[in-house]
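Work through these exercises with the model in view. Try each task before you read its solution.

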Amino acid sequence: EPVNMAALERSGRQLRTGQDFLWNATNLRQEMRQRPIGLAADYSFRVRIVYREAPQSRLFAQNRNRATAVPEAVMHKYIDRWEMPSLVECHEMTIAP
């Protein structure tokens with residue numbers, strides 16, 4: 001949570017100066033995406049979501065190759081809670097290959 005708060009504070013500074021910026025994050029649920037999107041809306045910025053999905057087989061393979069792997073049970077929990085973004089959340093959405 002402290003990292004998210006710091007990122008939101010920094011984003012707010014960027015928005016106050018009128019600078020465009022990129023929020024690069026894996027926000028699995030709409031609830032998690034609401035904070036940065038809401039902040040951008042507070043400053044009348046347009047929001048574009050670029051959505052990219054990897055096959056589960058790749059996610060698990062990449063995870064196994066990490067120095068500190070996330071337990072597979074946790075990975076399954078996150079996958080079960082995943083919510084695809086929608087146009088309701090943004091002005092524009094791109095689905096990347």
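**Exercise 1. Decide whether Arg29 is buried or exposed, then find its charged partner.**

Step 1. Take the relative accessible area of Arg29: 17%. Buried means under 20%, exposed over 50%, and partly exposed in between, with a 1.4 Å probe and protein chains only. Arg29 is therefore buried.

Step 2. Look at the side chain. Arg29 meets Glu31 in a salt bridge, 3.3 Å from N to O. The term needs a side-chain nitrogen of Lys or Arg within 4 Å of a carboxyl oxygen of Asp or Glu.

Two notes before going on. This is a predicted model, numbered from 1 along each chain as its sequence is written, and its local features need pLDDT of at least 70, while side-chain atom pairs count only at pLDDT 80 or more. Totals for chains, interfaces and linings use all residues, and side-chain values use heavy atoms, with hydrogens and water left out.

**Exercise 2. Describe the chain as a whole.**

Step 1. Count the elements. The chain has 4 helices and 2 strands. These are DSSP runs, numbered from the N terminus: helices are H or I with at least four residues, strands E with at least two.

Step 2. Put them in order. Along the sequence the pattern is α-α-β-α-α-β.

Step 3. Box it. Along the principal axes, the C-alpha atoms fill roughly 40 × 30 × 20 Å.

Step 4. Check burial. The chain has 97 residues, and 22% of them count as buried.

Step 5. Sort the contacts, meaning heavy atoms within 4.5 Å. Take those between residues at least 6 apart in sequence: 65% join residues at least 24 apart.

**Exercise 3. How many salt bridges does a search of the whole structure find?**

Step 1. The search finds 4. Arg29 with Glu31 is one of the pairs that meet this way.

Step 2. Glu92 and Arg48 form another, at 3.6 Å from N to O. This pair links distant parts of the chain: Glu92 sits in strand S2 and Arg48 in strand S1 (residues 48-51), 44 residues apart. Glu92 is partly exposed, with a relative accessible area of 37%.

Step 3. Arg64 and Glu72 also pair, at 3.5 Å from N to O. Arg64 has 53% relative accessibility, so Arg64 counts as exposed. Glu72 has 39% and is partly exposed.

**Exercise 4. Trace what joins Glu89 to Arg33.**

Step 1. Place the two residues. Glu89 is in the loop between helix H4 (72-81) and strand S2 (92-95). Arg33 is in helix H2.

Step 2. Check their cover. Glu89 is at 10% relative accessibility and counts as buried. Arg33, at 7%, counts as buried too.

Step 3. Find the link. A polar contact of 2.7 Å joins the two side chains. That term means a pair of N or O atoms within 3.5 Å; within protein, one must be able to donate a hydrogen and the other to accept it, and residues adjacent in sequence count only if both atoms are side-chain atoms.

Step 4. Widen the view. The Arg33 side chain also reaches the backbone oxygen of Asn27, at 2.9 Å. Beyond four places in sequence, Arg33 touches residues including Leu28, Glu83 and Pro85. By the same sequence rule, Glu89 is in contact with Ile37, Val47 and Ile49, among others. Met84 is among the contacts of both Arg33 and Glu89.

**Exercise 5. What is the sign of phi at Ser44?**

Step 1. Recall the background. Most residues other than glycine have a negative phi.

Step 2. Read the angle. Phi of Ser44 is positive, near 60 degrees.

Step 3. Locate the residue. Ser44 lies in the loop between helix H2 (30-42) and S1. At 67% relative accessibility, Ser44 counts as exposed.

**Exercise 6. Where is Ile95, and which residues does it contact?**

Step 1. Ile95 is found in strand S2. Its relative accessible area is 54%, so Ile95 is exposed.

Step 2. Leave aside neighbours within four places in sequence. Ile95 is then in contact with Tyr51 and Met84.

Step 3. Gauge a span. Ile95 and Ala67 are 28 residues apart in sequence and 30 Å apart in space, C-alpha to C-alpha.
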